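Thanks for coming. Please have the sequence and the structure open while I talk.

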Amino acid sequence: MNSPSKGLLDPADGETRNLEKMLVIADALMRHVEQSSGDRGDAFEQFRRAAVLEDRVRQRTRDLETTLRQLNDANSAAERARRDLAQAFEAVDEGFALFDPADYLVLTNSRFCRDLADIRPKLFPGTTFAEYVQIVSRSTMLALPEGVTTDAWMAERIRLHRTPQVFNVGLTGDRWLQVSEQRTPDGGTVILQTDITDIIRMERSERGKLLDDQARMIRATLEHIKQGVLIFDANRRLAGWNSRAAQLLDISARLLHRGTPFDLLAERIARSLTISEGFNAESLHIWIAGGQPREPLSFEIQHESGVILDVFAQEMPGRGFVMSFADVTRERLAIHAMIRANTSLEARVAERTGDLAAALAEAERANSARVRFVAAASHDLLQPLSAAKLFVAAARDDAEATPMCGTLEKAHNALVSVEGILGALLDISRLESGGSAVDIGPVPLSVLLRQLTDEFAPIAARKGLRLDILPCGLTVSSDPTYLRRILQNLISNAIRYTRSGRVLVGPRRTNGQVRLEVHDTGPGIAADQQQSIFREFHRIQGSASASEGMGLGLAIVERACGLLDHRLTLRSEPGRGTCFAVDLALMPQNAKPAYLEATPTIPDEPGDNSDRIALLVENDGDLRRAIALLLERRGVSVLEAASGEEALSLLEEIGIVPDLYLIDQQLDGALTGIETALALHTEYGERPTRILTANRTPQTRLAADAAGIEIMYKPIAADALEAFVLYAG
């Protein structure tokens, strides 16, 4: 059971307070005893109660003494703890200070701000952190960084207080403190100050030693290299060099010492060295004194002894610069020797070049003659062929339902074969001579494939083959004339060599391109023949002939694909057929299509043409007569002229305006066919017009497009001519 005194006395009240409580209790007990004895008057009772009271007082006194001893022990422990904590703070090598969460100074050790002797007396518990910073900032022993004011330093120190930091503070006398500021769990601040002067000085010493070592290494390196080196500081004074520089520049080594002005060295060097052409001393001095960052500089100087030095100057950090000197005498002498040798060689080369130029000129003359022959052949050879076809067509119409009709049909087919052979020969000649220009542009496949279907469907049907040309609405990039010729040759070959089955022409999209494939069910091509089939006049079976083909189709296909940069591939297996494929680049659907010849169609009911008049301007008499004969058989009246000037004069003389114009491009007079057509349109108004020509160059096609006139190519097909006349107007 606890003593009553333990409920009355509280160790936390301290010794003095508990003693006062005990005296009050004893005094109250004594008064109680005196009052009790006076009321009863019983001496014995008083004595007994006094004895009991004395025992109680004695017990309370012992309890009080026990409590006081406990309080003394507790106070002694607290005091010892405070002493131990103070001793612990003092045992710390660094300066120590503790601020409470409200930023008031709680305690410090003797090392805190020891190196700031003039502020140490001003620090005491209760000082705020801001006051502490202000006191430190005004210390005479604080070494502020250059350009930093007291207020600026104090503001920065307050800013650093907001987060844990470790930073250095400079003091006078080249001393340094490292300040570590950390937060306590309850929001207070602990500051540790460590003297790092010895560490800083040691680092400086080590850095100095390292710089010395680096300087020795640089010196050794400079002495080791073959180039001479001079290093100048921002004041244009010598800061570093090697002995090779003195040797190359032929100057005394006594001039090479730290601090020698550049101008002095330049003056001594100029006595025996001259700057090469294209550079001068003034330009060098401008570069040396340049106010802006200097670009690297290179030039040559030559010693009076003949030594040539290559000089390279470059700016260094801090506005200094370095100059290096390399002996390039041997290289320059070698170059001069090479120049002399080259001069001699150039003379020999010029002589050989003259011979080569003469041979080349002769070859070009021969090639030019070949090109001229091709151009002439494309016109002169096709002119009579056109006339012959038209005459035969007219005669065939006259001999209809007679025995002569079959003969004329065979003659017409023979002329068609000759036309094909002649066209192939002209194509090969143009492709080989390089005189074939291309006109790359958008080509709608829908139009091209429809034309090919109309052209080859009857041929395949006569042979009993099934021809499928799949439609396609895509637009590709190519030359329309050459692309059509490529596909014509591939389809024609497929039909020629396929005895039974089918021929399939189909487009396929692949990797952003369109692949046009021509499949057949023919005999196929053996692997050892797949390269040779592209040679001229080569046929897999039999020899070249007019009836079976001259073996030029695939040669034309290969050269045309190469000219157009179209990839051509072949897949074939003997007994299973062949597939030729041409890869074409895609074009946008809305691209304006390049010129593409239209497939002529003749109406079933041509109608009455007896009142129609056609103006035919053609300088070839036979062809002009053949065309006129064909048109007149269709009931069309024909006005004939041999030149543009004659046509204009004829219309002016007779006062009749024709319904349509057929005009050859190459005429006898000064006017071309297109110029004649434009003159007629200007004088008599626009009429349906066709330009007749064997010239398939892009220039002619572009000129016709610009004039808004369509072309009918020679040799002229009777069907095409009749279709135009019957449709015109």
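Loops, strands, charges and a cavity

Aspartate 565 is exposed, because its relative accessible area is 69%. The scale here is relative accessible area with a 1.4 Å probe and protein chains only: buried means under 20%, exposed over 50%, and partly exposed in between. Before going on, note that this is a predicted model, in which local features need pLDDT of at least 70 and side-chain atom pairs count only at pLDDT 80 or more, while totals for chains, interfaces and linings use all residues. Residues are numbered from 1 along each chain as its sequence is written, and side-chain values use heavy atoms, with hydrogens and water left out.

Back to aspartate 565. You will find this residue in the loop between α14 (553-564) and β17 (567-573). Those element names come from DSSP runs, numbered from the N terminus: helices are H or I with at least four residues, strands are E with at least two. Aspartate 565 has a positive phi of about 65 degrees, although it is not a glycine. As background, most residues other than glycine have a negative phi.

Which other residue is not a glycine but has a positive phi? Cysteine 113, with phi near 60 degrees. Cysteine 113 sits in the loop between β2 and α4. Is cysteine 113 buried or exposed? Its relative accessibility is 1%, so cysteine 113 counts as buried. Cysteine 579 also counts as buried, because its value is 4%.

With cysteines on the table, how many disulfides does a search of the whole structure find? The search gives 0, a disulfide being a pair of cysteine sulfur atoms within 2.5 Å.

Next, some strands. Strand β9 covers residues 297-303, and 5 of its 7 residues are buried. Two strands count as paired if DSSP finds at least two bridges between them. On one side of the account, strand β8 (residues 273-275) pairs with β9 in the antiparallel sense over 3 bridges. There, threonine 274 stands opposite glutamine 302 in β9. Strand β10 (residues 308-315) is also antiparallel to β9, over 6 bridges, and isoleucine 301 stands opposite leucine 309 in β10. β9 and β10 form a hairpin with 4 residues between them. Glycine 306, in the turn, has a positive phi of about 105 degrees.

Now the charged side chains. How many salt bridges does the structure hold? There are 20, each one a side-chain nitrogen of Lys or Arg within 4 Å of a carboxyl oxygen of Asp or Glu.

Take aspartate 115 and arginine 175, whose side chains meet in a salt bridge at 3.6 Å, N to O. This pair links distant parts of the chain, 60 residues apart: aspartate 115 is in the loop between β2 (105-108) and α4, and arginine 175 is in strand β4. Aspartate 115 counts as buried because its relative accessibility is 19%. Arginine 175 has 23%, so it is partly exposed.

Glutamate 315 and arginine 319 form another salt bridge, at 2.5 Å, N to O. Glutamate 315 counts as partly exposed because its relative accessibility is 23%. Arginine 319, at 28%, is partly exposed.

The last pair I want to show is aspartate 479 and arginine 701, with their closest N and O atoms 3.5 Å apart. Aspartate 479 lies in the loop between β14 (475-478) and α13 (480-497), and arginine 701 in helix α18 (residues 698-707), so the salt bridge ties together parts that are 222 residues apart in sequence. Both aspartate 479 and arginine 701 are buried. Elsewhere, Arg624, Arg625, Glu632 and Glu640 are joined into one network by salt bridges that share partners.

Finally, empty space. The structure holds 1 cavity of 30 Å³ or more, and the largest cavity has a volume of about 120 Å³. On a 1 Å grid over the protein atoms alone, a cavity is a set of points where a 1.4 Å probe fits but cannot get out, and lining residues have an atom within 4 Å of a point. The volume is the space filled by probe spheres set on the points, with points joined across faces, edges and corners.

What lines the largest cavity? There are 13 residues, of which Tyr132, Val136, Val169, Val179 and Gln193 lie nearest its centre. Two or more lining residues come from each of α4 (129-137), α5 (150-160), β3 (165-171) and β4 (175-183).

Note on methods. On a 1 Å grid over the protein atoms alone, a cavity is a set of points where a 1.4 Å probe fits but cannot get out, and a pocket is an open set with protein on both sides within 12 Å along at least five of seven lines; lining residues have an atom within 4 Å of a point.
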